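Hi,

Here is the structure I said I would pass on. Have a look at it first, and my notes follow underneath.

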Amino acid sequence: MHIPDGYLSPATCATMGAAMVPVWLTAAQRVKRVVKSRYVPLLALAAAYSFMVMMFNVPIPDGTTAHAVGAVLIAVLLGPWAACIAVSVALLIQALFFGDGGVLAYGANAFNMAFVMPFVGYGVYRLTAGRSPLLSTRRAVAAAAGSYVGINAAALCAAVEFGLQPELFHTADGTPLYAPFHLSQTIPAMALAHLTVAGFVDAALTLAIVTYIQRANPALLRINHADLDPAIPRTPRRLGWGWAAAGIATMVLLAPLGLLAPGGAFGEGAPASLDLGKYGLSAIPAGLGRYADWWNHALLGGYGFAGGRHEVLGYVLSALVGIAAISLVVLALAAALGITRTRRGRERAPAGAP
Amino acid sequence: MSRRPPDAPEWLLTPEIGLCPCCCVGRRRRGSFVDKTVAGAANILREAMCNDEVAGRSGLLQRLDARAKLVSLLALLLAASLAHQVVILAALYAGTLILARASRLGLAFFVRRVWLFVPVFTGVIVIPAMFSFVTPGRIVVPIGDGWGLTEQGLAGAALIVARVATSVSLVVLLTLTTRWIDLLSSLRALRVPPVFVLVIGMAHRYVFALTTAVDEMFTARKARSIGPRGGARADRAFVAASAGALFGKAHALSEDVHQAMVARAYRGTPRTLSRTRLNSADLAWVGVCAATAILAVMGDRALGA
């Protein structure tokens, strides 16, 4: 999956590199806060370890080689932010010192293998493992499942990066300037290779390594799971605000995808745009005609400004206003029903208790 | 007939592979991936030693400052990446050959190193792209009914092979002529935060420590086993156990290193020695490379028009 120089256009490389800068800075802050001054040697050794895991090469039939990336394994052992830095450093060493993977394409490689892979894989791991005990089989299987999904997500990203090249960069007569394969070819090729071979290589290695560590050196698992004692099952924890915000943010980011879908939503158009013949009507029903427009004081009518000016800005602003309004209503309802007050009261109780 | 000690057991006399690298002793077996890992580990160490030897020769690029080389490499890589004409890429590639010669790399060695890589990773990927079912266009070499090699496919393939070969040559030139410690310090010239540079440097250092550890584990395993191995399943279990044990070693090592750093007054902020100044030759080199890159891109656009 290491993309060499020459396959991606400089614009793609620059975009991916720019996307990684905030990730790296956040990762450095997060890791530094958790492990203090210990983080330099810890990350250095994690990066060296990540480099070693990538040495296990398996040739696959399409001519490239699949290798265990181990990003999800490191995310399980040290957390996803540490894994992000460790894999990034390993990729940089490979690109600069060993010529494996491109120097200009470094941002794209880091995005796929040091960002998408550990975070997607770790998410799947957390969801699958739940609050199971540290030494349970479920946890090892969850790590393997995370590896499988993580490497496939990374491969999908690589396939999209490859596949966009001939669409975006070609000469007037259709000669591809960078990677020549289209999305319809890169996605199946990468998916086939990674769903069948590389995914299982990574998952099997992760499963075996986590099982070994559970058996031989469980203390290592506690580095990233300090809150999980192997003996005592924990009570389920409340989901924090952060998770809710992350979920909402994801939905907000994905929402514009709806604009790509053809057609409109049934029953949401103005009466004038109704296809009367389709419903066996000869005229707009009188009640519909009368009440459809009785409220015409909307602040952002049609999800935009009046007169259709600044279309994109209006759309985004509508979205933000909508989210803020709904959040306020929900908070007000929660306050009215006493949900937040009860919780705060319970938290305060031990401090005030005699 | 060879002499045979009377009391020696049979297994001690059976030749085992691995005693001699040329396989003149013992039977030739397909190497398992355990053996391949050992070979890979040895290869990393050998390559690093070889690089240091080449970087120590007195050639043109070896005399230049690493920062100047890194910046000029990026400029030329960008130019190669922006170029859309095979002629321009061929000219840039010829330039790398001249530089390799001037840096006493040995042309055969340099060309082999680049072209061993290019067909493996690029040739196989590019070949299907020449056909009309991937890159539609004017068919110049008809093979079957209505399909064959297209002009656009061939042009695209030539372009990508030329670009990959040029890019790989440029990176190989940099890595072969620069000691890694200089290369590392040159990262600071790109405004990489010192903490990252420290992590990268230590990671590079410990790659070799861990490689040695892997090598020792696998060699010890080989030394302990007699007769045929337990099959692929046992090998896989062994690889997983080694990787797991390696993580334990790496973590213990990181704790030791941290304590050693703290004992030497490390308090969370890395400190570096004062930088060396770029001399006029380095600046001239950056100027020449930047001019070459700009000329290449302008020439490319002119040819394209």
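Let's start with a helix pair in chain B: helix α3 (residues 66-82) and helix α10 (residues 280-304) pack at an angle of about 5°, their axes 9 Å apart. That makes α3(B) roughly parallel to α10(B), a label used for angles under 35 degrees (over 145 is roughly antiparallel, 65 to 115 roughly perpendicular, the rest oblique). On the α3(B) side, the contact residues include Ala68(B), Val71(B), Ser72(B), Ala75(B), Ala79(B) and Leu82(B). Among those that α10(B) brings are Trp285(B), Val286(B), Cys289(B), Ala293(B), Asp300(B) and Arg301(B). Contact here is heavy atoms within 4.5 Å. The axes are lines fitted to C-alpha atoms, for helices over the stretch in contact, with angles running from 0 to 180 degrees between N-to-C directions. Helices (H or I, at least four residues) and strands (E, at least two) are DSSP runs, numbered from the N terminus.

Before the rest, some housekeeping. This is a predicted model, where local features need pLDDT of at least 70 and side-chain atom pairs count only at pLDDT 80 or more, while totals for chains, interfaces and linings use all residues. Residues are numbered from 1 along each chain as its sequence is written, chains are lettered from A and ligands numbered from 1 in the order in which they are written, and side-chain values use heavy atoms, with hydrogens and water left out.

Now the charges. Side chains of opposite charge can pair when their charged atoms come close. How many salt bridges does the structure hold over all chains? There are three, each being a side-chain nitrogen of Lys or Arg within 4 Å of a carboxyl oxygen of Asp or Glu. Asp300(B) and Arg301(B), both on the list of α10(B) contact residues, form one of them at 2.7 Å, N to O. Asp300(B) is buried at 2% relative accessibility, whereas Arg301(B) is partly exposed at 40% (buried means under 20% relative accessible area, exposed over 50%, partly exposed in between, with a 1.4 Å probe and protein chains only). Another links Arg67(B) to Asp65(B), with the closest N and O atoms 3.3 Å apart. Here Arg67(B) is buried at 17%, and Asp65(B) is buried at 16%. Then there is Arg179(B) with Asp182(B), at 3.7 Å between the closest N and O atoms; Arg179(B) is partly exposed at 40%, and Asp182(B) is partly exposed at 29%.

Two backbone oddities are worth a look too. Arg104(B) is not a glycine, yet has a positive phi of about 55°. Arg104(B) lies in the loop between α4 (86-102) and α5 (107-129) of chain B and is exposed at 52%. Ala265(B), also not a glycine, has a positive phi of about 75°. Ala265(B) sits in the loop between α9 (232-263) and α10 of chain B, exposed at 61%.

On the surface, Phe133(B), Val140(B), Val141(B), Ile143(B), Trp147(B) and Leu154(B) make a nonpolar patch of about 520 Å². Strand β1 (residues 139-144) of chain B gives the largest share, three residues, and Ile143(B) is found in that strand.

As for chain A, its secondary structure comes to eleven helices and two strands. Of its 354 residues, 42% count as buried.

Cheers

Notes. Patches are made of residues with over 30% relative accessible area and no salt bridge: like charges are joined within 9 Å, nonpolar side chains (Val, Leu, Ile, Met, Phe, Trp, Tyr) within 5 Å. Accessible areas come from the Shrake-Rupley method with a 1.4 Å probe; for residues, only the protein chains shown count as cover.
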